[in-house]
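Open the model in your viewer and get ready to select residues. We will make a few stops and look around at each one.

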Amino acid sequence: MRRRNILAALVLLALGVGYGVFTSQLPVRSLPDTPGPPFFPWINTVVILALSAALLVQGLVGTGGPAPAQVQGRWRAGWALGVFVVYLAILPGLGFILATAPFFAALMLLFGETRTLRVAAGAIIATALLYFLFRHGFNVFLPTGVLKGIVP
């Protein structure tokens with residue numbers, strides 16, 4: 001497991017650096033109050049590099065925990081992909097808030113969280129934080145769906 005983590009981290013670090021190089025070549029727009037085209041790719045770059053570095057440290061230190069069963073991991077990945085496809089299908093109709101909270105809850109249950117209160121609170125809080133971050137932090141309008149006119 002440690003060797004796999006180190007190898008995966010090195011590959012992801014290389015991809016992150018490459019993504020950052022391509023991001024640095026995006027044109028800069030000077031419209032007022034807009035983040036510009038390279039804003040979100042830079043966020044992706046930072047997240048990829050930070051998570052890759054964390055995986056590398058985890059692989060080097062060896063605190064990865066027990067290796068997951070291969071068969072269970074594949075089923076879980078398949079179910080997660082299915083949940084994601086359903087999320088993408090219902091997002092335009094239901095809107096971000098009503099579609100994202102159950103999506104997060106389903107993923108938390110799928111990946112082993114069994115405490116009901118924690119699942120509900122985590123899904124609602126994460127959805128609310130993301131909504132306010134994109135709506136008020138990045139000035140990005142997320143789909144409101146059936147809550148159109150209710151949600152600002």
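This tour visits two helix pairs and a cavity in a predicted model.

**Stop 1: α1 and α2**

Select residues 2-24, which form helix α1, and residues 39-61, which form helix α2. Look at how the two pass each other. Their axes come within 8 Å and cross at roughly 160°. An angle over 145° counts as roughly antiparallel, so α1 is roughly antiparallel to α2. The crossing of α1 past α2 is left-handed. Now colour the contact by residue class. You should find 16 nonpolar residues, 10 polar ones and one charged one.

**Stop 2: α4 and α5**

Next, select helix α4, residues 96-110, and helix α5, residues 116-137. At what angle do α4 and α5 pack? The angle is about 135°, and the axes lie 8 Å apart. The two helices are therefore oblique to each other. Their crossing is right-handed.

Show the side chains where they meet. On the α4 side, pick residues including Phe-96, Ile-97, Phe-104 and Met-108. On the α5 side, the partners include Arg-118, Val-119, Leu-130 and Tyr-131. By class, the contact of α4 with α5 has 12 nonpolar residues, three polar and one charged.

**Stop 3: the cavity**

How many cavities of 30 Å³ or more does a search of the whole structure find? The search finds one. Its volume is about 40 Å³.

To see the lining, select Leu-94, Gly-95, Phe-96, Ile-97, Leu-98, Tyr-131, Pro-143, Thr-144, Leu-147 and Val-151. You have met some of these before: Phe-96, Ile-97 and Tyr-131 also take part in the contact between α4 and α5. Which helix gives the most to the lining? That is α4, with three residues. Finally, colour the lining by class. Eight residues are nonpolar, two are polar and none is charged.

Note on methods
Residues are numbered from 1 along each chain as its sequence is written. This is a predicted model: local features need pLDDT of at least 70, side-chain atom pairs count only at pLDDT 80 or more; totals for chains, interfaces and linings use all residues. Side-chain values use heavy atoms; hydrogens and water are left out. On a 1 Å grid over the protein atoms alone, a cavity is a set of points where a 1.4 Å probe fits but cannot get out, and a pocket is an open set with protein on both sides within 12 Å along at least five of seven lines; lining residues have an atom within 4 Å of a point. Grid points are joined across faces, edges and corners, and a volume is the space filled by probe spheres set on the points. Helices (H or I, at least four residues) and strands (E, at least two) are DSSP runs, numbered from the N terminus. Ala, Val, Leu, Ile, Met, Phe, Trp, Tyr, Cys and Pro count as nonpolar, Asp, Glu, Lys and Arg as charged, and the others, Gly among them, as polar. Axes are lines fitted to C-alpha atoms, for helices over the stretch in contact, and angles run from 0 to 180 degrees between N-to-C directions. Angles under 35 degrees count as roughly parallel, over 145 as roughly antiparallel, 65 to 115 as roughly perpendicular and the rest as oblique. A crossing is left-handed if the near helix is turned anticlockwise from the far one by less than a right angle, and right-handed if clockwise. Contact means heavy atoms within 4.5 Å.
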